Amino acid sequence: MFERTLVRHLAIALVAGIALFLLTNALSQFNNLQLATMAYSFVAVAGLTLLVGVNGQISLGHGALMAVGAYAAAKALGDSGTGLPLAAALAIATVAGALAGLIAGAAAARLRGPYLAGATLALAVGLPAIAQRFPHYLGASNGLTTAPPVPPLSLGETFPLERWQAWICCLCALVVYVLLANLLRSGVGRRLRAVRDDEVAAELAGLHVARVQVLAFVVSSACAGLAGGLLVVVTSLAAPGAFPLALSVALLTGVILGGLGSLAGAVWGAAALVLVPTWADDASKALSLPANVQANLALAVYGAVLIGVMLAAPRGLQGLIGQSLRRVS
């Protein structure tokens, strides 16, 4: 069964990869940057989906875990991009996120409900501020800068940088999809869901609940660390201002919008995270709204969309799509 599942997920990733390849060739530079942003947002939202939707733990601190990965990748790449190779830097970002998640998960395993949400909220508020305490090493409020990844010469001297960034992020997103999809279909995924459904019954069945919860936090945090590293690939910057509390809340919003526990839903959630602010900004400019309204319109639209989805589709956009397809068939 595992082999059949792996082949199916690899086939889905292959088809999606071909579609993304064709799409990046047709998109403009700005739209390729948007696609790259969606891809690394998917990595973070997919990891959070595993934690919240599959294992039942709440986290409001994944923006801080993305910051860990971003700073790790920026330090590995160096100021001028003459440090480690990009693949090694992204691997370091993933490991750094996993280690941070191991520490946070060990504490979170003892907490439940609002107490867990409060602890991860404190993580989101406090962790990015560490950069202010080590200005010489972490760059304080200015953060760390690095050179953007240079496309291989085999692609041509005029190959667009934005398309190359989109390729990197999309490839990482597809790899994360395959790994998480197979993980959720394995015995590990069944243990995660068993702990979510009933911790007492899972413990009576022989599962070590705390270990399962820490494992979920580690895997989810590794995805957040990789997403932070990919953010550096796109923006060439790791700074505290890129990881506010609003980012952590937005990631959780993306999980809810897409559908709890659905990797396909994470695609819709990541797309909403990127497109809603752009659409809101365009609408505010077209309507000539005041500056203070423009600054907060995206949050208002987020709230309206979230309320509408929760009322019309409690299982998220992916659940709504699946329900519509069943009705048609």
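This note comments on the aromatic rings and a nonpolar patch in the structure above, which is a predicted model.

1. Aromatic pairs. The model holds three aromatic pairs. A pair of aromatic rings is described by the distance of the centres and the angle of the planes. For Phe 21 and Trp 167, the centres lie 5.5 Å apart and the planes make an angle of 40°. This pair is classed as tilted, because planes under 30 degrees apart would count as stacked and those over 60 as edge-to-face.

2. Placement in the chain. The Phe 21 and Trp 167 pair joins distant parts of the chain, with the two positions 146 residues apart in numbering. Phe 21 belongs to helix H1, which covers residues 2-26, whereas Trp 167 belongs to helix H8, covering residues 161-184.

3. Ring cluster. Phe 21 and Trp 167 are also members of a cluster linked through ring pairs, together with Phe 159 and Trp 164.

4. Charges over rings. Phe 159, a member of that cluster, has Arg 163 over its face, at 5.2 Å from the ring centre. Elsewhere, the charged end of Lys 75 is placed over the ring of Tyr 137, at a distance of 3.9 Å from the centre of that ring.

5. Exposure of Phe 21. The relative accessibility of Phe 21 is 41%. The residue therefore counts as partly exposed, since this class lies between the limits of 20% for buried and 50% for exposed.

6. Nonpolar patch. Phe 21 also contributes to a nonpolar patch on the surface, of about 410 Å². The other contributors are Leu 14, Ile 18 and Leu 22. Phe 21 thus appears both in the ring cluster and in this patch.

Technical notes: Residues are numbered from 1 along each chain as its sequence is written. This is a predicted model: local features need pLDDT of at least 70, side-chain atom pairs count only at pLDDT 80 or more; totals for chains, interfaces and linings use all residues. Side-chain values use heavy atoms; hydrogens and water are left out. Rings of Phe, Tyr and Trp (its six-membered ring) pair if their centres lie within 6.5 Å; planes under 30 degrees apart count as stacked, over 60 as edge-to-face and the rest as tilted. Helices (H or I, at least four residues) and strands (E, at least two) are DSSP runs, numbered from the N terminus. Buried means under 20% relative accessible area, exposed over 50%, partly exposed in between (1.4 Å probe, protein chains only). A charge sits over a ring if NZ of Lys or CZ of Arg is within 6 Å of the ring centre and within 35 degrees of the ring normal. Patches are made of residues with over 30% relative accessible area and no salt bridge: like charges are joined within 9 Å, nonpolar side chains (Val, Leu, Ile, Met, Phe, Trp, Tyr) within 5 Å. Accessible areas come from the Shrake-Rupley method with a 1.4 Å probe; for residues, only the protein chains shown count as cover. A salt bridge is a side-chain nitrogen of Lys or Arg within 4 Å of a carboxyl oxygen of Asp or Glu.
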